[in-house]
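Dear colleague,

I am passing on the structure we discussed, and my notes on it follow directly below. Please read them alongside the coordinates.

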Amino acid sequence: MTDFHTSVNVYETINSGQVFLWENYKNTWFGIDGHDVICVKQEPFEIITFSKEIKDFFRDNDNLKKILKSISHDKTVKKAIKHYPGLRLTRQEPFQCCISFIVSANSNIPNIKTGLQKLCRKFGTRVQFKKREFSVFPRPNSLANATLHDLQSCGLGYRSKYVLDTSRAIASGEIDFDELKRSDYQTSRESLLKLPGIGGKVADCVMLFSLEKLEAFPLDTWITRILEKYYPNKFCMNKKTISKNGYEKIHQLILDHFGNFAGYSQQFLFKMERDLNEKKWL
DNA sequence: TACTAACCTGTACG
DNA sequence: ACGTACAGGTTAG
């Protein structure tokens, strides 16, 4: 806890596929987190929010020592941790996280970022912070009352309909993120899967990055590739696309191997393999 | 139940 | 140049 700030690597964490609405100016990172803006400096470490709220966006209260020990059960994870010792999971505002990963489906990071920025500029309120102007993320109501046409104009493609209908479900109270935070993994997952545009992978992202479910392990194309490459035959990843039932079966095997903090191991593995393949971040 | 194609939209390759 | 493939998946059949 006391030496946390010297151990987190802001650059690595921002550039690990968890967040999209972050910009770097000189030695400072600015990020949109729901209706708030966060400003982070690495050296010396400093984190300030527009709302003046204290946020542990980098999850400084996690017992990292215990968690890293818990997930260090094979040489691949150990290597990834050694390579990215400052990589952390983030604790994000759930609505933005939810919409972000719906938008991320079958897309790429530059596209996702552009689409989300357009959403903010069109539907979010503008604020001044540190002599800069930001458009924060729209509230559920704003998107729920948007027209499909306006969402389309943000370049979201066929995901526009998903964003609209999911926003409506959240604005109406049909889905309550605070409740999902208190629920267990399975209950939370089943609720999320009812929303349009949310399948197993997106549900895991939302749960891992914003609903306190550290056992969530998003199974995307990269992780699938990683499991085939480094854990041959261990997780039965012989298929190109994972069926709904297959997803749950594999997740159980994942928990058996990586443990209850499997989500952390996913982040280290994902970061390592994407860098190895020189994929773009923010 | 298990598997496939279709899907908006940029951008990276050939 | 200009077409084609592909990108953090989900959904409808």
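In this predicted model, the surface near DNA strand C owes most to helix α12, which gives 3 residues, and both α12 and α13 (221–230) supply at least two residues each. Of the 21 residues around DNA strand C, those that come nearest are Gly 17, Ala 105, Asn 108, Gly 199 and Val 202; by class, the residues of that surface divide into 7 nonpolar, 11 polar and 3 charged.

Helix α12 (residues 200–210) is itself largely enclosed by the rest of the structure, because 11 of its 11 residues are buried. Val 202, for instance, is on the list of buried residues, as are Lys 201 and Asp 204, and what covers the buried residues of α12 includes α5 (94–103), α11 (185–193), α14 (244–258) and α15 (262–276). Just after the helix, Glu 212 adopts a positive phi of about 65°.

Gly 199 sits in the loop between α11 and α12, and it is classed as partly exposed because 15 other C-beta atoms lie within 10 Å, where 20 or more would be needed for a residue to count as buried. Although Gly 199 and Tyr 247 are 48 residues apart in sequence, their C-alpha atoms are 10.0 Å apart in space.

As for the other strand, the residues that surround DNA strand B include Asn 106, Asn 111, Gln 152, Tyr 158 and Asn 245, and the surface near DNA strand B has 2 nonpolar, 8 polar and no charged residues.

With best regards

Notes. Residues numbered from 1 in each chain as written. Chains lettered and ligands numbered in written order. Predicted model: local features only at pLDDT ≥ 70, side-chain atom pairs only at ≥ 80, totals over all residues. Buried ≥ 20, exposed ≤ 12 C-beta atoms within 10 Å, placed from the backbone. Helix = DSSP H or I, 4+ residues; strand = E, 2+ residues; numbered from the N terminus. Contact = placed C-beta atoms within 7 Å. Near = placed C-beta within 6 Å. Nonpolar A, V, L, I, M, F, W, Y, C, P; charged D, E, K, R; others polar.
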